[in-house]
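Here are some quick notes on the model you sent over. Have the viewer open while you go through them.

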Amino acid sequence: MLRRTHTCGELRESHVGQTVRLNGWVNGYRGHGTGLVFVDLRDRYGLTQVVFDGEDLPKDVLETADHLRNEDVVAIEGKVRIRVGGENPKLSTGKVEIVVSKLEVLNKTANPPILPDDGPSGGKMANEELRLTHRYIDLRRPRAQQILGVRHKVYQTTRRYFDENGFLEVETPILYKSTPEGAREFLVPNRHVPGSWYALPQSPQLFKQILMVAGCDRYMQICRCFRDEDPRADRQAEFTQIDLEMSFVRRDHVMEMMEGFVRRLWKEIAGVDVPPMQRMTYREAMERFGIDRPDTRYGLEIKDISDIAAKTDVGFFKDVLAKGQDRPKFSAHRGVVKAIRVPGGAEKLTRKMTDGYNEFARSFGAGGVAVVKVNAQGAFETGIAKFLESVKADLFAALGLQPGDTVLFVSDLYSVATKALGELRQRVARDIGVVPKPGAEGGPWNFLWVIDFPMFERDKESGRWVAMHHPFTSPNDDQLEAFVKADVNDEDTIAQIVSAGYDIVLNGQEIAGGSVRIHDQKVQSKVFQLLGLSPESAKEKFSFLLEALQFGAPPHAGIAFGLDRLIMNFVGTDNIRDVIAFPKTQTGQDLMTKAPSRVTDEQLKELYVKSTANL
């Protein structure tokens, strides 16, 4: 084989006159019928034009070149010269070409079901299902290769940064104990102990805490995690996270270390200087944006106008405000009226859009959306306008209204109204075009620490208390007294307990989440009690952790970054499948390998498993 001396993205004017060898795939072919054949040769580094000139080549070499087709794998040798037909400014190698003297066909291709085009510049890209079925061809696309390169750089930068800061990279088990308190798990039968099962880890959470008890002090791992949940555009059942834990620290120590990591990562990968990251409490985020991962690149902030609404004669306002007024201010069961001002909405939002907002809000449990427009003269129009005249001045002042604006109102229980408007805010932002493009082409990079999360929340289906982060998160230092006194039936007290959890949010997307962990066995047992786990059940599921906490567990805290989401931001895509070499579809299928697939009865019998599916 003609072993390459250079890559297809390497040659420049400084190489003119040199004899070189390239290996790669035929990306394009142009035969002019005049004894000249032009081929664009491609590898993951770029493209180079090579020329087969019949005047200087044996007849059989020219004939072979004349029968080359896209995706044939070839090796060539030739001399570099200035490109005769003029420079191609779209290519890094566009000033030069190679006049071929030797050609070796390493592998002829069958007729490719797809071509590795990147879209508009290379032709119409095949649909995603076809590309994932033939992923080995799809990954040849320059864009796909570029994404894999970015992913590689993130791995290397991550390892360098944490190595410099004293972290040990430790692998934790993939076959793990089932602890079904969080997301649905993937289960693996064990043939050695009939009826027993492993689970694939949702995260290495308990193992990294055990490592802290074991004295490892600082741990990191780039690890695979598994959750048997429905995939989404930004989530896969099998994903990668950067997992970290530190001993003898409190919240601010972890946040300082991770902020340094974010700064290093964005500087080395995106060339961006990240300023000090703002901090926002969970409560402020929910009050202003209706969501705990707010996109702060645009306004459309939510305002609680309950006091103003109480002065009106709007019947559904009054009905809602009569509910739960004896409950704490942020109780899920307290009635509120909230609003969003949409600047210029009178012109930007059509009747069809605002009618659609009603159904949208109802999908989150709200009764609907009341809409009022402010005309050019500053008067209220449409909807409940006539009932608001008495509080017009108050609304203008509270919402900062201007002629041409639209106001969207939701009245409901606090939890419902906040959720509905938080989701509606994002939809309105897309409708009026104020959301920048994601990642590299969009700006700015708005980083935010969200802190002081509630420790517990009610599960809608079971009605039980569940941990908002996870059940190993510690209450904030100033919350310990309230936590110790909390009773499982004292809903308002439990709902107000603040945890030492913290998330990093980037442009409305959570890219990392962590917390100070519980290192006191008594505190951990109390958490399990409030979550409805009996001492026997807690011992069965977590005995190794509870025991470890009795034997000198240091104060510790940690965090995990969603690596796939980091890459999505760096390369500017909102589809997680773009950044994973071999992703699953929305239904969890690998179209290339046809996984998941059926297995034989003999295999199942060996595992002491029987299928109940109708096959």
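1. Start with a register check: V73 stands opposite N107 in β5. The two strands involved are β4 (residues 73-82) and β5 (residues 96-107), which pair in the antiparallel sense over 10 bridges. Pairing here needs at least two bridges found by DSSP between the strands; helices (H or I, at least four residues) and strands (E, at least two) are DSSP runs, numbered from the N terminus. Another pair to click on is I76, which stands opposite L103 in β5.

2. Before going further, a caveat: this is a predicted model, where local features need pLDDT of at least 70 and side-chain atom pairs count only at pLDDT 80 or more, while totals for chains, interfaces and linings use all residues. Residues are numbered from 1 along each chain as its sequence is written, and side-chain values use heavy atoms, with hydrogens and water left out.

3. β4 and β5 also share a salt bridge: the side chains of R81 and E97 meet at 2.8 Å, N to O. That pair links distant parts of the chain, with R81 in strand β4 and E97 in strand β5, 16 residues apart. In total the structure holds 42 salt bridges (a side-chain nitrogen of Lys or Arg within 4 Å of a carboxyl oxygen of Asp or Glu).

4. What do five strands close into in the order β1-β2-β3-β5-β4? A barrel, with mixed pairing. On average, neighbouring strands of this sheet are turned by 55 degrees against each other, direction ignored. Helix α1 (residues 59-66) packs on the sheet and touches β1 (19-31), β2 (36-43), β3 (46-53) and β5; the direction of α1 makes about 85 degrees with that of β5. Contact means heavy atoms within 4.5 Å. As for β1 and β4, they pair in the antiparallel sense over seven bridges, and V20 stands opposite G78 in β4.

5. There is also an open sheet, made of five strands in the order β12-β13-β16-β14-β15 with antiparallel pairing. β12 (302-304) and β15 (380-381) stand at the edges with a single partner strand each, so one side of each has no neighbour in the sheet. Further in, β13 (residues 335-342) and β16 (residues 406-413) pair in the antiparallel sense over eight bridges; for the register, the bridge partner of R341 in β16 is V407.

6. Now the helices. α4 (residues 142-164) packs with α6 (residues 251-270) at about 140 degrees, their axes 10 Å apart. Axes are lines fitted to C-alpha atoms, for helices over the stretch in contact, and angles run from 0 to 180 degrees between N-to-C directions. α4 and α6 are therefore oblique to each other (under 35 degrees is roughly parallel, over 145 roughly antiparallel, 65 to 115 roughly perpendicular, and the rest oblique). Residues in the contact include V150, V154 and F162 in α4, and M257, F261 and L265 in α6. The contact divides into nine nonpolar, three polar and five charged residues (Ala, Val, Leu, Ile, Met, Phe, Trp, Tyr, Cys and Pro count as nonpolar, Asp, Glu, Lys and Arg as charged, the others, Gly among them, as polar).

7. α4 also packs with α18 (residues 563-571), at an angle of about 125 degrees and with axes 10 Å apart, so α4 and α18 are oblique to each other. Among the residues that meet are R143, I147 and Y155 in α4 and L563, I567 and F570 in α18. This contact has eight nonpolar, one polar and three charged residues.
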